[in-house]
Amino acid sequence: MYYQNIDDLVEELMEEMFEAIQYYSTSKYQSDSRVKVEELTTNSFDLLYYIYDHRDYFTLLLLEDTLPHIHQQLPEAIFNLLKNKFDILYDVPSVDDYHQKRYMAYGTAGLITDWIAQDFDVTPGEMTDRLIRILNTFARGFVIKEIDS
């Protein structure tokens, strides 16, 4: 495929990344699955394994001048996934769901970006375990909304 400009290329790469993030975050679940955080394991979802397997691409996130705005796309992709596919069951009352998911997205993207910057210093399973432990501090579970076929 030929791209008119770098923005077209970036847009297609971002769309592919968003689809992959959505797929590898939900592929082990069915629509309306109720998941308890305390029961999550390193095999509960494959997102970090996907990132590790495609680390050459994700390393581009650290290079702001390579593709315009690429470093902003990971947190936005995670936020859209959380907003559209997850109902979080929080451990505290009166949570502003929109802003909590925004916070979760940027925090998760920050951890992933740090992992990339550390040259993937731990396994994808260890990173998944870190994310699960963090999630455990404020949520008791989540419900997977409708999954695209």
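These legends go with a set of close-up views of the structure above. This is a predicted model, where local features need pLDDT of at least 70 and side-chain atom pairs count only at pLDDT 80 or more, while totals for chains, interfaces and linings use all residues. Residues are numbered from 1 along each chain as its sequence is written, and side-chain values use heavy atoms, with hydrogens and water left out.

**View 1. The largest pocket and its lining.**
The largest pocket comes out at about 480 Å³. Of its 21 lining residues, Leu82, Met104, Thr108, Leu131 and Leu135 sit closest to the centre. Two or more lining residues each come from helix 1 (6-26), helix 4 (70-85), strand 2 (86-90), helix 5 (97-117) and helix 6 (124-135). Helix 5 chips in the largest share, five residues. As for chemistry, the lining splits into 18 nonpolar, three polar and no charged residues.
Fine print: on a 1 Å grid over the protein atoms alone, a pocket is an open set of points where a 1.4 Å probe fits, with protein on both sides within 12 Å along at least five of seven lines, and lining residues have an atom within 4 Å of a point. Points are joined across faces, edges and corners, and the volume is the space filled by probe spheres set on them. Helices (H or I, at least four residues) and strands (E, at least two) are DSSP runs, numbered from the N terminus. Nonpolar covers Ala, Val, Leu, Ile, Met, Phe, Trp, Tyr, Cys and Pro; charged covers Asp, Glu, Lys and Arg; the others, Gly among them, are polar.

**View 2. Asp46 and Lys28, a loop-to-loop salt bridge.**
A salt bridge here is a Lys or Arg side-chain nitrogen within 4 Å of a carboxyl oxygen of Asp or Glu, and the count comes to five. In this one, the closest N and O atoms of Asp46 and Lys28 are 3.2 Å apart. Asp46 is in the loop between strand 1 (34-36) and helix 2 (47-53), and Lys28, 18 residues away, is in the loop between helix 1 and strand 1. Asp46 is partly exposed at 22% relative accessible area, and so is Lys28 at 43%; that label means neither buried (under 20%) nor exposed (over 50%), using a 1.4 Å probe and protein chains only.

**View 3. Glu76 and Arg102, helix 4 to helix 5.**
The closest N and O atoms of this salt bridge are 2.6 Å apart. Glu76 belongs to helix 4 and Arg102 to helix 5, so the pair ties together parts 26 residues apart in sequence. Glu76 is partly exposed at 25%, as is Arg102 at 23%.

**View 4. Arg133 and Asp129, within helix 6.**
Here the closest N and O atoms are 2.4 Å apart. Both residues lie in helix 6, four residues apart, or about one turn of the helix.
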